[in-house]
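Subject: Structure handover

Dear colleague,

Here is the structure I said I would pass on. My notes follow below it, grouped by topic.

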Amino acid sequence: IRCWSNIPFITMPLSRAHGKSFAHRSELKHAKRIVVKLGSAVVTRGDECGLALGRLASIVEQVSMLQNQGREMMIVTSGAVAFGKQRLRHEILLSQSVRQALHSGQSQLKDMAIPVLEARACAAAGQSGLMALYEAMFTQYSICAAQILVTNLDFHDEQKRRNLNGTLHELLRMNIVPIINTNDAVVPPPEPNSDLQGVNVISVKDNDSLAARLAVEMKTDLLIVLSDVEGLFDSPPGSDDAKLIDIFYPGDQQSVTFGTKSRVGMGGMEAKVKAALWALQGGTSVVIANGTHPKISGHVITDIVEGKKVGTFFSEVKPAGPTVEQQAEMARAGGRTLAALQPEQRAEIIYRLADLLTDQREEILLANKKDLEEAENKGRLALPLLKRLSLSTSKLNSLAIGLRQIAASSQDSVGRVIRRTRIAKDLDLEQVTVPIGVLLVIFESRPDCLPQVSALAIASGNGLLLKGGKEAAHSNQILHHLTQEALSIHGVRDAVQLVNTREEVEDLCRLDKLIDLIIPRGSSQLVRNIQKAAKGIPVMGHSEGICHVYVDTDASVEKVTRIIRDSKCEYPAACNALETLLIHRDLLRTPLFDQIIDMLRVEQVKIHAGPKFASYLTFSPSEVKSLRIEYGDLECCIEVVDSVQEAVEHIHKYGSSHTDVIITENEKTAEFFLQHVDSACVFWNASTRFSDGYRFGLGAEVGISTSRIHARGPVGIEGLLTTKWLLRGDNHVVSDFSEHGSMKYLHESLPLPQRNAN
């Protein structure tokens, strides 16, 4: 057990055989020995005089945390020149001010010219201060640091190399963080040599090459190079078409155009890439990332070690298929082609997919059987999730029926005119429906979700990225293959993509330039995590399904138990299952109330008492810890209310705006409930389980949305469309409509074109 910031935690054993770099980002969490290289732009302030103290403190904190986890951390740092420049400028200004005061007899200072300061002198003046700063910062985390100064000549002398290697190993053995820098006070100018000709040859021209050399010499698992850019781009950062390269492979240099070097320091990005490739060749994994961005610098090092998609990762292993970024671009291009098809062609694709689901049922069920067997053997899925994972002939038949409904209803979805206005003579405006763009749908344990969502995306002309749970990998693979087979009949195979790479969900949620909408399908925890992780991308869905059924005093005895049983027991793991049962106070200790309790006991539903309900009972069930619980199982809460108004207030306070029901024969009370409950779905004398796209006649749904913008409730084709405006004119300009212009606005509503009756 180690301690960091006075918080004890268990260190994880970290070990691996050195000699081969990590193939994937997800493996970086196994890195034991790590070198962090801090570029000049990271360590220094924008004026290049002095250190960025807040940034440096954050880096020290992250390094300390990793060191206290049992890792062996080393830092290759710049900053001595900048720190020395600040000190020397201060000394020169102070000296000049004293001389001027003595000469003039007054203390008033005039403008004083600062001479150009020689870099070696600055380094000599700054080394001790820089090290003292590191020592003071690491002391806050009970970690000792040690300084090592090296030059290129030290690596050419075999004895010095062995001494350096031995010193570093001894420091690491004693849990000390070595802080290494080139001895810029005496370093000679770099000489031409055979750089990068082989694994054992690289000259120390700057701290990039120093870090690479040390990483290989010390058999380091990971080298993190922090600079002032996000990573490696395919063209100079800031240019119009520059794209961040997520993974860089040896041999990709030809596809990269390098820009100028950093604002400070010796090396530019080209030097970093050469050093990184040399280290990679020597068996050390490398990540180049931004250490200056205020939003990420506070956790950039720990994020890299955790395997998150930060900066550019250098790998020798190329994936078999496209990257997720390439898949998103393929989905966008395919989606645009899909949207340009005739409605009949999109419907034909969906009909074909429906036929494939029944024609290929044996292959689908065989793949699903593999998933079920693996899940049961590993014991990682609860019974409700196993039920969601399971496919059957009846499920596939229902899926096919739903897909045919979608196909039939999709004839007039994309390009439908919903408003026409005559702005002026020969100037007509139309508002038409268009696809949203590229959808990312993330789903757990539900392979039947894949064809449903694919059909809705096809019908609405959207490109689609699918990320399914690994527990349904075999099922998802064959269902996606069948989807692409159906798409191929009109040449739009790439419009629907299944993400099979090791992308973390959090990394997918950062692709804000490639994805237009995220739709999570799964547990409330999954939805909350995605809503938290999404950066600049809208998320459609609901984090919880806390559904209520209110039993009014005028409720029918015959209807109450049927509706409650169906709402709670038909599928308790569903998001539209009953979680809280509200009972009018006048129904307590009546035969109807007894029937409700008896039915729940027969169905083995565990009852939790709300605070008011518990107060009426001498011996009550366990009192709820919270009235905002989604049980997702054969459990529910019972609470008492005094009126329909109080029921509405309770739902607004503790509900999740999903689905809420009233059971009553009083039409006036029912209408009050329907109009005042502010949820996506509000029902009268019907089970909560009707809150479903298929049951609503939408064919299927991509999910149930509780948001108040765009789509709400079960989301079908309409919820996957947005609009654009088309203006058709004839040499019209705004100046013609000014006070003295020749034209006037008409703003006349025009009739809409007739919709396709079929």
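R510 is partly exposed, with a relative accessible area of 25%. In this model, which is predicted, R510 forms a salt bridge with E506, and the closest N and O atoms of the pair are 3.1 Å apart. E506 is partly exposed as well, at a relative accessible area of 31%. The pair does not stand alone: a network of salt bridges links D303, E306, K308, E506, D507 and R510. Side chains of opposite charge can pair when their charged atoms come close.

A search of the whole structure gives 37 salt bridges. Two others are worth listing here, and helix α11 (residues 343–359) has a part in each.

- E485 pairs with R352, with 3.5 Å between the closest N and O atoms. This salt bridge links distant parts of the chain, since E485 lies in helix α16 (residues 473–487) and R352 in helix α11, 133 residues apart. E485 has a relative accessible area of 30%, which makes E485 partly exposed. R352 is also partly exposed, with a relative accessible area of 30%.
- D355 and R404 meet through their side chains in a salt bridge, at 2.8 Å from N to O. Here too, distant parts of the chain are linked: D355 belongs to helix α11 and R404 to helix α14 (residues 393–409), with the two residues 49 apart. D355 counts as partly exposed at 30% relative accessibility. R404 counts as partly exposed, also at 30% relative accessibility.

Next, the sheet. Four strands form an open sheet in the order β25-β12-β11-β26, and their pairing is antiparallel. β25 (721–728) and β26 (748–749) are at the edges; each has a single partner strand, so one side of each has no neighbour in the sheet. The partner of β25 is β12 (residues 427–435), and 8 bridges join these two antiparallel strands. Within that pairing, L429 stands opposite L727 in β25.

Which side chain does the side chain of Q431 meet in a polar contact? Q431 is located in strand β12, and its side chain makes a polar contact with the side chain of T723, at 3.0 Å. Q431 counts as buried because its relative accessibility is 11%, below the cut-off of 20%. Apart from neighbours within four places in sequence, the contacts of Q431 are R416, V417, I418, R419, T723, K724 and W725. Of these contacts, T723 falls within the residue range given above for β25.

Last, the nonpolar cores. The largest has 51 residues, and the members that touch the most other members are L338, I349, I350, I364, I406, L464 and L466. Helix α15 (residues 449–460) gives the most to this core, with 8 residues. A second core, separate from the largest one, has 39 residues, including L38, M73, M131 and V310.

For L464, I also listed the surroundings. With neighbours within four places in sequence left aside, L464 is in contact with A331, L439, V441, V453, S454, A457, A495, V496 and Q497. Among these contacts, V453, S454 and A457 fall in the residue range of helix α15.

Regards

Definitions and conventions: Residues are numbered from 1 along each chain as its sequence is written. This is a predicted model: local features need pLDDT of at least 70, side-chain atom pairs count only at pLDDT 80 or more; totals for chains, interfaces and linings use all residues. Side-chain values use heavy atoms; hydrogens and water are left out. A nonpolar core is a set of buried Ala, Val, Leu, Ile, Met, Phe, Trp, Tyr and Cys residues joined through side-chain atoms within 4.5 Å. Buried means under 20% relative accessible area, exposed over 50%, partly exposed in between (1.4 Å probe, protein chains only). Contact means heavy atoms within 4.5 Å. Two strands pair if DSSP finds at least two bridges between them. A polar contact is a pair of N or O atoms within 3.5 Å; within protein, one must be able to donate a hydrogen and the other to accept it, and residues adjacent in sequence count only if both atoms are side-chain atoms. A salt bridge is a side-chain nitrogen of Lys or Arg within 4 Å of a carboxyl oxygen of Asp or Glu.
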